[in-house]
Amino acid sequence: MTILTIDEAARFLRLTKRTLYQRLDIPRVRYGHRVMFIEEDLRQWIRAQREVVVEAVDESKPNGYHRNPLFSLGRSSRSS
C-alpha cells in the first residue's frame with residue numbers, strides 16, 4: 001500500500017490540489033487534519049471512471065435554469 005500526500009496525488013492524477021480538495025468522489029483518507037491518498041484506491045477510481053456512461057445531451061430540451069431567460073429556451077423556441 002502506497003500512501004500519497006496531496007502534492008503527490010495531484011501529480012499522479014494530473015489535477016490541481018484545489019480540485020482534489022473539491023472533488024469529494026476521489027477516494028481519500030484523513031489522518032487527523034491531513035488528507036492522504038492511497039495509490040491503489042486512486043488507480044481503481046480511475047478505472048471506474050472509464051466505465052461511467054456519459055449521458056447524451058438532448059438539444060431539443062431546455063438547458064435548465066439561467067438568470068437570463070433567453071438562455072433557458074431551446075434552440076427551436078428562440079425568436080429571431
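The following paragraphs describe the fold, core, salt bridges and surface of a predicted model.

The chain contains 4 helices and 3 strands. Followed along the sequence, these elements are arranged in the pattern β-α-α-β-β-α-α. Confidence is a good place to begin, as it varies along the chain. The average pLDDT is 80, and 64% of the residues score at least 70. Confidence peaks in helix α1, at a mean of 95, and is lowest in helix α4 (residues 69-72), at a mean of 63. Where pLDDT is low, predicted coordinates should not be read in detail. Such caution applies to α4, given its mean of 63.

Of the 80 residues in the chain, 20% are buried. The exposed area of the chain comes to about 7000 Å², of which carbon and sulfur atoms supply 53%. Among contacts between residues at least 6 apart in sequence, 39% join residues at least 24 apart. One pair of residues separated along the chain is R43 and L13: they are 30 residues apart in sequence, and their C-alpha atoms are separated by 9.2 Å.

Turning to the interior, the largest nonpolar core has 11 residues in all: L4, I6, A9, A10, L13, L20, I26, V35, F37, L42 and W45. Helix α1, strand β3 (34-38) and helix α3 each supply at least two residues of this core. The greatest contribution comes from α1, with 4 residues. A grouping of this kind can be set beside a general tendency: in soluble globular proteins, nonpolar side chains tend to be buried together. I26 offers a helpful view of the packing. Leaving aside residues up to four places away in sequence, I26 touches L13, L15, L20, F37, L42 and W45. Among these partners, L13, L20, F37, L42 and W45 are, like I26 itself, members of the core.

The structure holds 3 salt bridges, and each can be taken in turn. In one of them, K17 pairs with D7, and the closest N and O atoms are 3.3 Å apart. Because K17 lies in helix α2 (residues 17-22) and D7 in helix α1 (residues 6-13), this pair ties together parts that are 10 residues apart in sequence. K17 counts as partly exposed, as its relative accessibility is 39%. D7 is also partly exposed, with a relative accessible area of 37%.

Another salt bridge joins the side chains of R23 and D25, with an N to O distance of 2.8 Å. R23 has a relative accessible area of 33% and is therefore partly exposed. For D25 the relative accessible area is 39%, so this residue too is partly exposed.

The remaining bridge links E39 to R43, whose closest N and O atoms are 2.6 Å apart. Both residues belong to helix α3 (residues 39-50), and because they are 4 residues apart they are separated by about one helical turn. The two ends of this bridge fall into separate classes of exposure. E39 has a relative accessible area of 16% and so is buried, the cut-off for that class being under 20%. R43, by contrast, is partly exposed, with a relative accessible area of 38%.

On the surface, M1, I3 and Y31 together make a nonpolar patch of about 360 Å². M1 lies in the segment before strand β1 (3-4). With a relative accessibility of 76%, M1 counts as exposed, since that class begins over 50%.

A backbone feature completes the account. R14 has a positive phi of about 60°, although R14 is not a glycine. This residue is found in the loop between α1 and α2. Is R14 buried or exposed? R14 is exposed, because its relative accessible area is 76%. The loop that holds R14 thus lies between α1 and α2, the two helices that are also joined by the salt bridge of K17 and D7.

Technical notes: Residues numbered from 1 in each chain as written. Heavy atoms only, no water. Patch = residues over 30% accessible without salt bridge, like charges linked within 9 Å, V, L, I, M, F, W, Y side chains within 5 Å. Areas by Shrake-Rupley, 256 points an atom, 1.4 Å probe, with all protein chains shown as cover. Salt bridge = Lys/Arg side-chain N within 4 Å of Asp/Glu carboxyl O. Buried < 20%, exposed > 50% of the residue type's maximum accessible area, 1.4 Å probe, protein only. Contact = heavy atoms within 4.5 Å. Core = buried A, V, L, I, M, F, W, Y, C linked by side-chain atoms within 4.5 Å. pLDDT = per-residue confidence, 0-100.
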